[in-house]
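Let's take a friendly walk through some strands and aromatic rings. Have the sequence and the 3D view ready, and follow along.

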Amino acid sequence: MFHNREFGGHVFPIQASPTKVGTTVMQNNRSIHIRALVALCLCAGLLSATASAASRVIDLNPLVDELCYVSCSWTVTVDAVESETVNYQVMIDAPAGLTVTVDPSSFTLEAGGSQELTVTADVIGLPLDVAVQAEILLLAEQPMILQESFDATDFPPTGWSADLVAGSTDFSWSRSTLSANSGPASARRRYDATGNQDDWLVTPAFQVELGMELRFFERAQAFFDYEYSGLLISTGSCDPADGDFVQIQEFNDSSATWRMVNHSLDTWAGQTACLGFRYTGNDAHTWYIDDVTVTEAVYEDFQIDVSVIPRSPVMTLEPMMLESTQFADRQEAQTLTIGNDGLVELDWSFQSSQAPAFVRPEPEATKSRHDSGAVSLLDQVAEGDLQMPIQTAGLAGNPVNCGAQPDIIIHDDGVSENGYSGNASTISEVIFVEPFEPAIYPAALQSVCLAFITQGPQTLEFEVVVFADDGTSGQPGTELGSVNASITGIDTGSGVPGNWARVDLSALNLTLESGRVFVGARWTPSSPNVFIASDESASTPRVGGYWFYDSGNVWETVESAYPNYRALMIRLIAPQACDLIDEIPWLSASPESGTVAIGDSSEVALMFDSTGLAEGVYEAELCLFSNDLDQPFSVLPVTLTVVAERQVGGTVSGLEGSGLVLQNNGGDDLSITANGSFVFAEPLMDGDDYSVTVFGQPTSPAQSCSVTNAAGTIGGADITNIQVDCSTDTFTVGGTVSGLEGSGLVLQNNGGDDLAVLADGAFTFASALVDLSDYGVTIDSQPAGPIQSCMVSNGSGTVSGQNVTDVVVQCSTEPAALALSIGNVDFGAVVIGQQGTASVTITSTGSGDLSISQITAPGQPFQLTGGSCLAKPLDLHPGESCDIEVSFMSEGVGAFESSFDIISNADSSPDSITVRGTAGSPIAVPVMGPLGLVLLALILGALAWRQLTGRSRFRRDSH
């Protein structure tokens, strides 16, 4: 596997070999062997050896990938392989917040010898869970072709030139003590607002040989206004005006901290060259250069890369506060769950009153922008704008109330090196604040101390301002309040502040529950100016303050305008208070300390005990200590409220049954067996709500009990006015009717409460009966039309706690039947044109009504001509009759037969009746004598006989 690693301006192939136990690097007949032994620490590291050769293979030996808590260390052994003695100097390149030390910091490696180096990484100043890398450089002594650190007061240094091609000389390249990579000074090109600037700092000319290397350190300030910073080289004229310079690198990536730059000069080997540092811009950025060296490549430098991942236990509490309200002489246990969301084992205790060994500072916010309105006292002196004020403050001393004392948060070391303000010509209001984070919460913002430095005015009217830590990118956010203040007798120089302004903040009534808050001063800049005193001592940790001015209208880090800033002379007094478990007589814990594994949790029983306590509220802030770096102190608010017992009760009336059960607030069941007063067993306390309900209603008989004055809030007295009224329940009697066709059905219950039923379905008597009453359902009137017979089942019993719905009334209709007076009608012979008539009688012979719905008509020449049976609708009660008249009249000669039907509710329906008849021509009467008369008489006699007997000797059956 091959990777590429950028180093010294070259890219080398690197072969990873994780099984190796050491690293050997060879060049120029000399080699060094590096052995790494990882100590038992929580670190992650990577060891490599690199050099400025054009190409070679390097074996990497990775260290064990571990985690780092607070600090960690390991050893690295350097072995000399060749017979040569080399002196090495250790240099560290580490980001802010990570402190890496190597012991020893310099050593001599003799031929065949070895040197063990102890590497320690302190990660206390880093944010957690973010991998951070540092570089340990073992720099071999090398012949110097060019070396300049700008420590001498002469500028430009001997052999160097400062060439201003365009622009003002006000802020051209100069020696500066405001910021340096090493030593007291560096070269600086400051921003200038007087026009376009083109300014060069050029080295002496030197002969370039193969293997030479350029190294220097650079940093930018106010990079948001960047225009151009570049490194150039010329092998011709060293005068920029001649145009022989070509660019090696432009520095257009912001770097507010010093960084090392390496470049191989092999491209120009064999030529004479000079280097140029070019700055261009109009009111742009500021650029610093320091420790410029050009070395021969006789010896080799080595690099050890270190990568650490800071870890910490993370304590969680659930819940975040505990409260118990109870009566006197009671106990209640509550559970506190302590969790560990971190990646290191958590140790916690209620007992330790000592602050932890380490308290993590807040990481610095992302750098913002800077404006020409920024004014520092020393900046003005360095630029010749001002004279250093006469220091008259001396050691008058810090007032006791602003010096070291409990509950005061101090960032500065007690000595002011500088002061900051705004340029009165461009800024009408300026604010300087710093973040303050108490060691324990809650912390009341009680007062603040501020120190100022003046160039003349002895009095300053200002405001103390407080901002919440809810702004973007760690900036101040919401303004929480301000207090008007003033100071007189302001110090006229730096040093130990002789006069502090202490301002009372209690009127703001601000309590910090967690996190941090920004506190500082707001004032109008003056000329001559008054400055907020500042600490620029390198040993003081940089706090991360911000400043704001009306023309810029944006928060900026103080460091962006004042690179040497460490802390402002602002001190916050925030009283801290919490109680040890042994100091709270009514609270105990089990256990009182413990250990929580990574990702695990433990439960703690906190016992609230009101034994012997009078009524009242008892509060405490319980201290909980841990090795959580971000929050070594946690405060658990605990409250015990001891209250008086209040009874809840009232009166019951109208109770006859058994089984009445009352409840209060859904519990505390109370059985009531008789009328009278009652009281619930469980007492309540003032402020509690009560709600009395009926949980079980009485039975035998069933009753319904209702509650009045049932609910409310207890307020200083027992509750005695709850009224429970009971009444016996009533229930209805009913059932279902089926088979009903007629009308007139009437039901009775217990011989009364008549109920007319008109159709099938459910029925209910109008009068309800009280529980345990008897009932008896009977039929008072049977249906008629048609006549029906109804019978009752389940008709009697005793009402038992519910409506009666199972009475059944079943009705059935009596059968109908009919009888005909004649089954067939035969009209015999009827002369054409004459009409024969006949009558048929229908009689209802069944036990039920006979309903005749239709009588069909016979075919011609027969007709139904009348009779009582033809009226519709027609119902015949048993024994009743009606008749039908039938006629026969033909217009032609012949025998005729037909029928008609009687349709009814009788089982025999339809009943059919056949009708027959013969039609003949009329007979002529001749004139005859006596003999003819005799024959006629005989014939007429025969016809008369046929008519009487209904028979004809000569009939032809038509069927």
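W547 is buried, and Y562 is buried as well. Keep in mind that this is a predicted model.

**Aromatic pairs**

How are the rings of W547 and Y562 arranged? They form a tilted aromatic pair, with 6.2 Å from centre to centre and 55° between the planes. The label fits because planes under 30 degrees apart count as stacked and those over 60 as edge-to-face, with the rest called tilted. W547 sits in strand β43, while Y562 belongs to the loop between α2 (558–561) and β45 (567–568), so this pair ties together parts that are 15 residues apart in sequence.

W547 also has a ring partner in F432: this aromatic pair is stacked, at 5.5 Å centre to centre and 20° between the planes. F432 comes from strand β33 (residues 430–436) and W547 from strand β43 (residues 546–549), so the contact ties together parts that are 115 residues apart in sequence. F432 and W547 are both buried.

These rings belong to a wider group. Ring pairs link Y420, F432, F452, F462, W523, W547, Y549, Y562 and Y565 into a cluster. The model's count comes to 31 aromatic pairs.

**An open sheet**

Now over to the strands. Which order do the 4 strands of the open sheet follow? The order is β55-β52-β59-β57, and the pairing is mixed. At the edges stand β55 (676–679) and β57 (703–708); each has a single partner strand, so one side of each is left without a neighbour in the sheet. From one strand to the next, the twist averages 25°.

Edge strand β57 pairs with β59 (residues 719–728) in the antiparallel sense. To find your place in this pairing, look for Q703, which stands opposite T728 in β59.

**Strand β73 and its partners**

Further along the chain, β73 (residues 850–855) pairs with β75 (residues 874–876) in the antiparallel sense. Here S851 stands opposite D875 in β75. β73 also runs antiparallel to β77 (residues 894–904), and in that pairing I855 stands opposite I902.

The table sets out the bridges for the strand pairs described above.

| Strand pair | Sense | Bridges |
|---|---|---|
| β57 and β59 | antiparallel | 6 bridges |
| β73 and β75 | antiparallel | 3 bridges |
| β73 and β77 | antiparallel | 3 bridges |

Definitions and conventions. Residues are numbered from 1 along each chain as its sequence is written. This is a predicted model: local features need pLDDT of at least 70, side-chain atom pairs count only at pLDDT 80 or more; totals for chains, interfaces and linings use all residues. Side-chain values use heavy atoms; hydrogens and water are left out. Two strands pair if DSSP finds at least two bridges between them. Helices (H or I, at least four residues) and strands (E, at least two) are DSSP runs, numbered from the N terminus. Axes are lines fitted to C-alpha atoms, for helices over the stretch in contact, and angles run from 0 to 180 degrees between N-to-C directions. Rings of Phe, Tyr and Trp (its six-membered ring) pair if their centres lie within 6.5 Å; planes under 30 degrees apart count as stacked, over 60 as edge-to-face and the rest as tilted. Buried means under 20% relative accessible area, exposed over 50%, partly exposed in between (1.4 Å probe, protein chains only).
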